[in-house]
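Below are some notes for a colleague who is about to work with this model. They go through individual residues and their surroundings, and then turn to the fold as a whole.

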Amino acid sequence: MIAIPAIDLREGACVQLVGGSYDAEKVRVNDPLDALRQWRSFGFSTFHVVDLDAALGKGSNADAIFRLTSYEKGLTFTVGGGVRDSDRVEAVLEGGASAVVVGTRAIEDTAWLAEVAGRYPGRVVVAADVKGREVVTRGWTSGSARDIRDVLAALEPLPLGGLLVTAVHKEGQLSGVDLPLMQEVARTSRHRLYASGGVTTLEDLRALAAAGAYGAVIGMALYTGRLDARDVAREFAG
């Protein structure tokens with residue numbers, strides 16, 4: 001399993017939010033490249049970038065994303081946030097992302113997802129953001145009334161690059177991961193699992209690895225120093 005630092009973008013800066021609340025911003029790095037350089041210095045080479053403004057339809061951080069993805073050859077970026085049409089999927093991939101993360105439209109429009117996944121096999125990652133067991137959309141603000149198991153079943157036949165499963169109820173709270181949820185996803189789906197939400201300790205990472213996760217996205221614990229980046233990179237840098 002690989003550990004993947006999160007670079008969440010808001011108003012051109014790199015931020016960390018508590019519980020997915022845009023009113024609860026705990027960390028802000030004004031230049032996202034500073035965050036990238038910091039994580040690179042420890043040996044991380046895979047990054048997860050999210051345009052929070054685009055996810056809520058409140059703007060775009062496309063320029064910042066391009067600066068990140070073009071910073072150094074050989075790095076791997078998954079990029080998402082507000083990707084809701086085919087043109088945006090194409091733009092993200094052509095802009096340097098290894099994979100594009102689609103959430104709201106993918107959950108709400110399976111036919112569209114099947115079309116873009118077929119066009120870019122192995123390069124479309126579906127974000128299944130979960131509160132409790134319900135998959136939520138639109139920047140975590142809307143419920144779908146769909147259980148995670150139902151969503152997994154719908155996604156199973158598609159040629160995806162993976163599933164990014166975020167336990168929203170754990171996000172940014174440094175309270176540990178929702179291990180039963182991640183174990184269920186890994187057991188139920190054939191797709192790569194990128195686990196997110198609540199990673200706080202090396203034990204959390206080891207538990208996710210044992211559960212079968214391909215990668216673990218880490219945000220708050222790295223940015224606040226709760227997790228020692230050197231220790232994480234030594235064991236899990238991809």
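1. Glu11 sits in the loop that joins strand S1 (2–10) to strand S2 (13–17). In this model, which is predicted, the backbone at Glu11 adopts a positive phi of about 55°, although the residue is not a glycine. Is Glu11 buried or exposed? Its relative accessibility is 57%, so Glu11 counts as exposed, the cut-off for that class being over 50%.

2. Arg88 belongs to helix H4, which covers residues 86–94. With a relative accessibility of 24%, Arg88 is classed as partly exposed, because buried would require a value under 20%. Once neighbours within four places in sequence are set aside, the contacts of Arg88 are with Ala62, Ile65 and Val83. Trp39, by contrast, is 49 residues away from Arg88 along the chain, and the two C-alpha atoms are separated by 27 Å.

3. Val83 also appears in the surroundings of Val102, which, again leaving aside neighbours within four places in sequence, is in contact with Val83, Val89, Trp112, Leu113, Val124, Val125, Val126 and Ala127. A second, separate core is made up of 10 residues, among them Ile4, Ala99, Leu164 and Val217. As for the largest nonpolar core, it has 69 residues, and the members that touch the most others are Val102 and Leu113.

4. Leu152 is placed in helix H7, residues 148–155, and its relative accessible area of 3% makes it buried, since the limit for that class is under 20%. Which residues does Leu152 contact, leaving aside its neighbours within four places in sequence? They are Leu163, Val185, Thr188 and Ser189. Arg190 is 38 residues from Leu152 along the chain, and a distance of 9.5 Å separates their C-alpha atoms.

5. Ala167 lies in strand S10, which runs over residues 162–167, and it is buried, with a relative accessible area of 0%. Not counting neighbours within four places in sequence, the residues in contact with Ala167 are Val130, Asp178, Leu181, Met182, Ser196 and Gly197. For one of these partners, Met182, there is also a backbone distance to report: it is 15 residues from Ala167 along the chain, and the C-alpha atoms of the pair are separated by 8.8 Å.

6. Glu235 is part of helix H11, residues 229–236, and has a relative accessible area of 39%, so it is partly exposed. Beyond residues up to four places away in sequence, Glu235 touches Leu202 and Arg206. Ala154, at a sequence separation of 81 residues from Glu235, is 34 Å from it in space, taken from C-alpha to C-alpha.

7. Turning to the fold as a whole, the protein contains 11 helices and 12 strands. How does the radius of gyration of the protein agree with that of a compact globule? For 238 residues a compact globule would be expected to have a value near 18 Å, and the protein, at 16 Å, agrees with this. The C-alpha trace spans about 40 × 35 × 35 Å along its principal axes.

8. Contacts and burial can be considered together here. Among the contacts in the protein with a separation of 6 or more, 65% are between residues 24 or more positions apart. Of the 238 residues, 54% count as buried, and Leu152 and Ala167, discussed above, are each classed as buried.

9. Two further values concern the surface and the charges. The accessible surface of the protein amounts to about 9,600 Å², and carbon and sulfur atoms account for 46% of it. The protein has 26 positive and 30 negative charges, and the mean positions of these two sets are 2 Å apart.

Conventions. Residues numbered from 1 in each chain as written. Predicted model: local features only at pLDDT ≥ 70, side-chain atom pairs only at ≥ 80, totals over all residues. Heavy atoms only, no water. Core = buried A, V, L, I, M, F, W, Y, C linked by side-chain atoms within 4.5 Å. Buried < 20%, exposed > 50% of the residue type's maximum accessible area, 1.4 Å probe, protein only. Contact = heavy atoms within 4.5 Å. Helix = DSSP H or I, 4+ residues; strand = E, 2+ residues; numbered from the N terminus. Rg over C-alpha atoms; globule rule 2.2 N^0.38 Å. Areas by Shrake-Rupley, 256 points an atom, 1.4 Å probe, with all protein chains shown as cover. Lys, Arg positive; Asp, Glu negative; His and termini not counted. Charge placed at Lys NZ, Arg CZ, Asp CG, Glu CD.
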